[in-house]
Amino acid sequence: MYACICHGVQDHEVHDCIRAGAHTEEAIGDACDAGTGCGNCHERLADMIESYFANESVPAA
Ligand code: FES
């Protein structure tokens, strides 16, 4: 699935960027161009960052 249609960036690529240290929408844009076009995907990118940290910081219950 594409996370960013404008740049054809797939969600797993965005996840790789987040895991590599891109923890803001701007950093993701710098890392893989996602979010640097029309901006429609910003909410999706923010959700991906949020769920990354949710999964990181909350111990599996
Ligand atoms: S869909 Fe990501 S910038 Fe347009």
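This passage walks through helix H1, the nonpolar core and the loop that follows the helix, all in a predicted model.

A good place to start is the inside. The largest nonpolar core has 15 residues, and those touching the most other members are Val-14, Ile-18, Ile-28, Cys-32, Ala-34 and Leu-45. Two or more residues each come from strand E1 (2-4), H1, H2 and helix H3 (42-57). H3 chips in the largest share, with four residues. Val-14 gives a feel for how these pieces meet. Setting aside neighbours within four places in sequence, Val-14 is in contact with Ala-3, Val-9, Ile-28, Cys-32, Ala-34, Leu-45 and Met-48.

Now for H1 itself. Its buried residues are Val-14, Cys-17 and Ile-18. Looking down the helix axis, these buried residues sit within an arc of 100 degrees, so they line one face of H1.

H1 also carries a charged pair. The side chains of Arg-19 and Asp-16 come together in a salt bridge, with an N to O distance of 3.1 Å. A search of the whole structure turns up one salt bridge. Why are Arg-19 and Asp-16 separated by about one helical turn? Because they are three residues apart in helix H1. Side chains of opposite charge can pair when their charged atoms come close. As for their surroundings, Arg-19 counts as exposed, since its relative accessibility is 54% and the cut-off for exposed is over 50%. Asp-16, at a relative accessible area of 41%, is partly exposed.

Past the end of the helix, the backbone does something worth a look. Gly-21, just after H1, takes a positive phi of about 120 degrees. The loop between helix H1 (11-19) and helix H2 (25-32) also holds His-23. Is His-23 buried, partly exposed or exposed? With a relative accessible area of 34%, His-23 is partly exposed.

His-23 has ties to other parts of the chain, too. Its side chain reaches the backbone oxygen of Ile-18 at 3.1 Å, and Ile-18 is one of the buried residues of H1. Not counting residues up to four places away in sequence, His-23 touches Ile-18, Ile-49, Tyr-52 and Phe-53. Further along, Asp-33 lies ten residues from His-23 in the chain, and the C-alpha atoms of the two are separated by 14 Å.

Ile-18 is a handy residue to keep in mind when viewing the model: this residue is among the core members that touch the most others, and its backbone oxygen is what the side chain of His-23 reaches.

Technical notes:
Residues numbered from 1 in each chain as written. Predicted model: local features only at pLDDT ≥ 70, side-chain atom pairs only at ≥ 80, totals over all residues. Heavy atoms only, no water. Buried < 20%, exposed > 50% of the residue type's maximum accessible area, 1.4 Å probe, protein only. Contact = heavy atoms within 4.5 Å. Polar contact = N/O pair within 3.5 Å; in protein donor to acceptor, adjacent residues only side chain to side chain. Salt bridge = Lys/Arg side-chain N within 4 Å of Asp/Glu carboxyl O. Core = buried A, V, L, I, M, F, W, Y, C linked by side-chain atoms within 4.5 Å. Arc of directions from axis to C-beta.
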